[in-house]
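Reader: I have just opened this structure and would like a friendly tour. Could you walk me through it?

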Amino acid sequence: MPYPIVLINHDANTTIISMAKRHVYVDYNATTPLREEVKAAIINDFDIFGNASSLHSRGRKARARVEDARISVAKLLGTEAGNIIFTSGGSESNNAVFETMRLLAKEGPKNEIITTKIEHPCVLTSGEYSAKAGIKVHFISVDETGKLNMDAYRAALSDKTIFVSVMMANNEVGTIQDIKEITRLAKEAGAYVHSDAVQAVGKIPVDIKDLGLDYLTMSAHKIYGPKGVGALFIKTGAPFYPMLHGGHQEEGRRAGTYNNLGILGLGIAASLALHDLDDYQRHTSFLRDRLREGLLEKIPNIRINGHPKEVLPNTLSVSFPGAEGEAILLSMDIAGIEASTGSACASGNLEPSHVLMAIGLGPELAHGSIRFSLGRETNIEDVDYIIETMPPIIEKLRAMSTLH
Ligand SMILES: *Cc1c(COP(=O)(O)O)cnc(C)c1O
């Protein structure tokens with residue numbers, strides 16, 4: 001449990017939660033449930049145990065599924081199957097690109113990396129690790145809407161820049177970056193460009209060819225696929241030094257026996273995501289707008305974070321001045337609503353969110369922020385339940401904090 005529920009055993013915990021009138025999961029940016037179709041396909045294939053690298057028919061049967069999944073992922077991203085490798089998820093894909101760039105930078109003469117202050121921890125930490133390895137790493141700031149500070153970006157770019165990594169859409173506030181322009185500028189400097197598109201894929205159109213990227217990261221469990229599997233796009237001709245050495249799976253780019261079932265699930269999730277993109281956007285943005293307007297109307301003095309327009313359709317980050325995030329979450333959880341805070345409390349770390357700090361919130365506001373991230377299963381009744389449940393929670397916590 002990331003927050004301090006003072007219950008000892010799991011059963012007691014379940015009892016408390018089941019006392020809630022309604023159960024509403026609005027933490028889809030953290031992870032999504034498996035889609036029924038994905039689950040059915042995985043269950044159907046459970047006995048296909050062949051090693052996808054074996055040449056006999058059992059192996060080929062498993063391999064055929066892996067290759068079908070590769071085509072589905074490539075279609076979703078606007079590229080070719082040969083440019084996709086499968087990984088264990090978003091974190092690995094991001095790490096693998098940074099690993100390649102660290103090795104290239106050591107070879108010189110280009111030896112500077114540019115990324116941003118609002119990346120997912122797996123990119124931020126890869127950047128910090130690269131800095132420890134002696135590479136100059138620029139962490140570019142963002143404005144109060146979460147958009148990259150383009151002047152600072154231009155100033156950091158030079159003929160020394162080997163690599164630029166900017167996330168396509170932010171997981172906490174939902175702001176979408178101008179990746180096409182960021183890529184264009186990086187290319188002028190002769191740099192390779194990567195985007196962590198884990199939050200963008202399946203939520204907004206992603207067309208790698210149009211964007212001009214060299215590398216792109218996606219993950220299955222953020223698009224209703226299984227956990228522990230993802231993909232990395234590598235442009236033809238772009239350098240890649242494998243992180244996992246061993247067999248020649250993935251043409252030597254990623255060793256290890258294929259995670260058949262995970263990859264199958266990713267493939268199905270990818271083709272469904274492409275098919276449903278318009279519906280998804282309509283559905284989630286309608287509910288997100290309703291939630292935003294409802295909260296603004298019912299709760300005085302709140303702040304909506306992120307870009308007003310260029311934002312993921314499902315994401316709503318709200319600051320509640322005078323109330324504390326973990327306390328809000330706990331009260332919400334008792335009321336059956338599962339969301340997340342602006343602080344990285346999952347790791348037991350009560351530092352305010354680096355993203356909310358980067359958009360200028362200050363520690364107190366950053367601590368009093370909640371991210372609602374909606375999904376396919378969210379409905380109007382869920383949203384109205386949140387709108388009805390939040391005002392007394394915030395009112396009570398604000399009253400308590402003024403007492404201190
Ligand atoms: C979830 C997430 C990741 C990590 O992906 P995993 O598959 O969980 O390793 C990376 N970047 C962003 C933006 C994410 O939201």
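**A tour by questions**

Author: Happy to, and let us begin with one pair of residues in this predicted model. I304 has a bridge partner in strand 10, and that partner is V318.

Reader: How many bridges join strand 9 to strand 10?

Author: Strand 10 covers residues 315-319, and strand 9 runs antiparallel to it. The pair I304 and V318 is a bridge between an isoleucine and a valine, with V318 in strand 10. The number of bridges joining strand 9 to strand 10 is three.

Reader: Which helix packs on the sheet and touches strand 9, strand 10 and strand 13?

Author: The strand 13 in your question spans residues 369-373. The helix you want covers residues 260-298, and its direction makes about 15° with that of strand 10. That is helix 9.

Reader: In what order do the four strands of this open sheet lie?

Author: The pairing in this sheet is antiparallel. Its edge strands are strand 9 (303-305) and strand 12 (340-341), each of which pairs on one side only. With those two at the ends, the order is 9-10-13-12.

Reader: In what order do the strands of the seven-stranded open sheet lie?

Author: Here the pairing is mixed. Strand 2 (84-87) and strand 4 (136-140) are the edge strands, each pairing on one side only. From one strand to the next, the twist averages 20°. Reading across from strand 2, the order is 2-8-7-6-5-3-4.

Reader: Which residue in strand 6 is the bridge partner of F163?

Author: Strand 5 takes in residues 161-165, while strand 6 takes in residues 192-196. The two pair in the parallel sense over three bridges. For F163, the bridge partner in strand 6 is Y192.

Reader: At about what angle to strand 2 does helix 3 run?

Author: Helix 3 is made of residues 57-77. This helix lies across strand 2, strand 7 (215-219) and strand 8 (230-234). Its angle to strand 2 is about 115°.

Reader: How much of the ligand's area does the protein bury?

Author: Start with some contacts: a backbone N or O atom of G90 lies 2.8 Å from an oxygen atom of the ligand. An N or O atom in the side chain of H221 is also 2.8 Å from a ligand oxygen, and a polar side-chain atom of K222 lies 2.7 Å from one. Taken alone the ligand exposes 380 Å², and of that the protein buries 88%.

Reader: How many residues of the shell around the ligand are polar?

Author: There are 13 residues around the ligand, and S91, D196, Q199, S219 and K222 come nearest. The shell includes three nonpolar and two charged residues. The polar ones number eight.

Reader: Which two residues does a cis peptide bond join?

Author: Look in the loop between helix 4 (90-107) and strand 3 (112-116), where P109 lies. The bond there has an omega of about -5°. The residues it joins are G108 and P109.

Reader: What is the phi of Y224?

Author: Y224 is found in the loop between strand 7 and strand 8. Although Y224 is not a glycine, its phi is positive, at about 70°.

Key. Residues numbered from 1 in each chain as written. Predicted model: local features only at pLDDT ≥ 70, side-chain atom pairs only at ≥ 80, totals over all residues. Heavy atoms only, no water. Pairing = 2+ DSSP bridges. Axes fitted to C-alpha atoms, helices over the stretch in contact; angles between N-to-C directions. Contact = heavy atoms within 4.5 Å. Near = heavy atom within 4 Å. Polar contact = N/O pair within 3.5 Å; in protein donor to acceptor, adjacent residues only side chain to side chain. Areas by Shrake-Rupley, 256 points an atom, 1.4 Å probe, with all protein chains shown as cover. Nonpolar A, V, L, I, M, F, W, Y, C, P; charged D, E, K, R; others polar.
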